[in-house]
Amino acid sequence: MSLKAIIYENGKLKILDQLLLPEQSQYINIAGVEDGWNAIRKMQVRGAPAIAIVGCLSLAVEISNRSFDNKSDFVHEMEKKLNFLITARPTAVNMKIAADELIKLSHVLDRDEAVAVDAMKRTVLEAIESMLDKDISDNMMIGKHGAGVILSRASVGNTVKILTHCNTGSLATAGYGTALGVIRKLNELNRLEHVYCTETRPYNQGARLTAFELVHEKIPATLITDSMVASLFTVGHISAAIVGADRIAANGDTANKIGTYQIAVLANYHNVPFYVAAPFTSIDLTIPSGKAITIEERPAREMTHIGDHRIAAPGIQCWNPAFDVTPAALITGIVTEKGVFKPDELDKHAS
Ligand code: MRU
């Protein structure tokens, strides 16, 4: 089984089909933007950073196989395709931020008379390709800062027990992971006693993907259902809860996988520190609070069925929001590649 979710070489892109994990490890080819959009929408790739990287790389595949007559054709194509990719899933902001940056870059190159269309294409391709390495190095810094802040609350030499939700690991990013990167780092430092991962209903990213990564990495871990979190906080001596983010508003309100908010409420009640781990590419300083975040609603079938097997009574209506918003007041700290910040300090560290 492979944990490399995204493979890009010489203008060719394949992704690990996450709908088939953990039973099968199968790669699918992404031949262009249409394939990228479909893979993101169907959740063959998911996780905010991975969505942006695969979306942009699907564009890289397409433009690397095409020639452009002039610079304005190229700019027009970039805008059209990137604005389309943003529509695949609305909550995670990473794809939107990447699209805005690439559109801005193509306008700058368009205005520069010294740059010809081929050089413009090459520069944009290089910018997209650099996203893979940048995401991994950001995640390693997140791991370092997150492990540091969690251990700063533990007694010297003591080990910690961590709770996490959804999947934020190698499968959700270019590699290493965000919240799972922090857990990985604690384990590398021999300071992780145990990690608990929630099943993450209805799509089971915790049971299918996080559990898979933890077993693969031989990290001591236990799976719980989402409804066991309160009991775990009562009996489990949990040192901290840490989760990822799909979009963090300027005030620190954080959209993440459905079920995150209730974990934050429970952590608060039980005096367990609650951390969000995310790169700055998940922070949307253009919106003042979580109220402005669009929450994606997914098909009822994700709730009524597991695989082909129906588990819900036929005829029942379903409500399936994929994310919820945790108010900043419940977040102890936001762990980024630049350090750990209070939710209301993010804008000071943005540039
Ligand atoms: O619906 P998903 O599986 O894309 O949701 C994923 C999450 O909510 C993750 O916690 C988030 O994207 C951060 S991944 C590093």
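Start by selecting proline 202, which sits in the loop between strand E5 (192-198) and helix H7. This is a predicted model, and in it the peptide bond joining arginine 201 and proline 202 is cis, with omega about 5°.

Step back to threonine 200, in the same loop between E5 and H7. Threonine 200 is not a glycine, yet its phi is positive, about 65°. Is threonine 200 buried or exposed? Its relative accessibility is 0%, so threonine 200 counts as buried.

**The other end of E5**

Now select asparagine 190, in the loop between helix H6 (179-188) and E5. Asparagine 190 also has a positive phi, near 60°, in a residue other than glycine. Here the side of the cut-off changes: asparagine 190 has a relative accessible area of 64% and is exposed.

**The two domains**

Colour the chain by domain. Domain 1 covers 6-135 and domain 2 covers 145-348. Taken over C-alpha atoms, their centres are 26 Å apart. The contact between the domains takes 25 residues from domain 1 and 31 residues from domain 2.

**The three-stranded sheet**

Go to the beginning of domain 1 and show strands E1, E2 and E3. They form an open sheet in the order E1-E2-E3, and the pairing is antiparallel. E1 and strand E3 (27-30) are the edge strands; each has a single partner strand, so one side of each is left without a neighbour in the sheet. On average, neighbouring strands of this sheet are turned by 25° against each other, direction ignored.

Zoom in on the pair E2 and E3, which run antiparallel and are joined by 4 bridges. Which residue of E3 stands opposite isoleucine 15? Select isoleucine 28 to see the partner. Then add helix H2: this helix packs on the sheet, touching E1, E2 and E3, and its direction makes about 25° with that of E1.

Follow the chain from E2 towards E3 and stop at proline 22, in the loop between these strands. The peptide bond from leucine 21 to proline 22 is cis, with omega near 5°.

**The largest nonpolar core**

Show side chains for Ile6, Leu13 and Leu82. Of the 50 residues in the largest nonpolar core, these touch the most other members. The elements giving two or more residues to this core are strand E1 (6-9), strand E2 (12-16) and the helices H1 (33-41), H2 (48-64), H3 (71-85), H4 (94-111), H5 (117-152) and H7 (205-216). H2 gives the largest share, 11 residues. Why does this core lie between the domains? Domain 1 and domain 2 both give residues to it, so the core lies between them.

Select leucine 13 and display its contacts. Beyond its neighbours within four places in sequence, leucine 13 is in contact with Ile6, Ile7, Tyr8, Ile28, Asn29, Ile30, Val54, Leu57, Ser58 and Val61.

A second, separate core has 25 residues, including Tyr196, Ala264, Ile283 and Ile334. Ala264 leads to the next stop.

**Helix H9**

Select Thr260, Ile263, Ala264 and Ala267, which are buried in H9. They cover an arc of only 100° around the axis, which puts them on the same side of H9. The general geometry is familiar: an α-helix has 3.6 residues a turn, so residues three or four places apart point the same way. After H9 comes asparagine 271, whose phi is positive, near 55°.

**The four-stranded sheet**

Last, show strands E8, E9, E11 and E14. These 4 strands form an open sheet in the order E11-E8-E9-E14, and the pairing is mixed. Strand E11 (283-284) and strand E14 (323-326) stand at the edges with a single partner strand each, so one side of each is left without a neighbour in the sheet. Helix H9 (residues 260-269) packs on this sheet and touches E9 and E14; the direction of H9 makes about 35° with that of E14.

Finish on the pair E8 and E9. How many bridges join strand E8 (residues 247-249) to strand E9 (residues 254-257)? There are 2 bridges, and the strands run antiparallel. Select isoleucine 248 and its bridge partner in E9, threonine 254.

Key
Residues numbered from 1 in each chain as written. Predicted model: local features only at pLDDT ≥ 70, side-chain atom pairs only at ≥ 80, totals over all residues. Heavy atoms only, no water. Pairing = 2+ DSSP bridges. Contact = heavy atoms within 4.5 Å. Axes fitted to C-alpha atoms, helices over the stretch in contact; angles between N-to-C directions. Core = buried A, V, L, I, M, F, W, Y, C linked by side-chain atoms within 4.5 Å. Buried < 20%, exposed > 50% of the residue type's maximum accessible area, 1.4 Å probe, protein only. Domains from an automatic or database assignment. Arc of directions from axis to C-beta.
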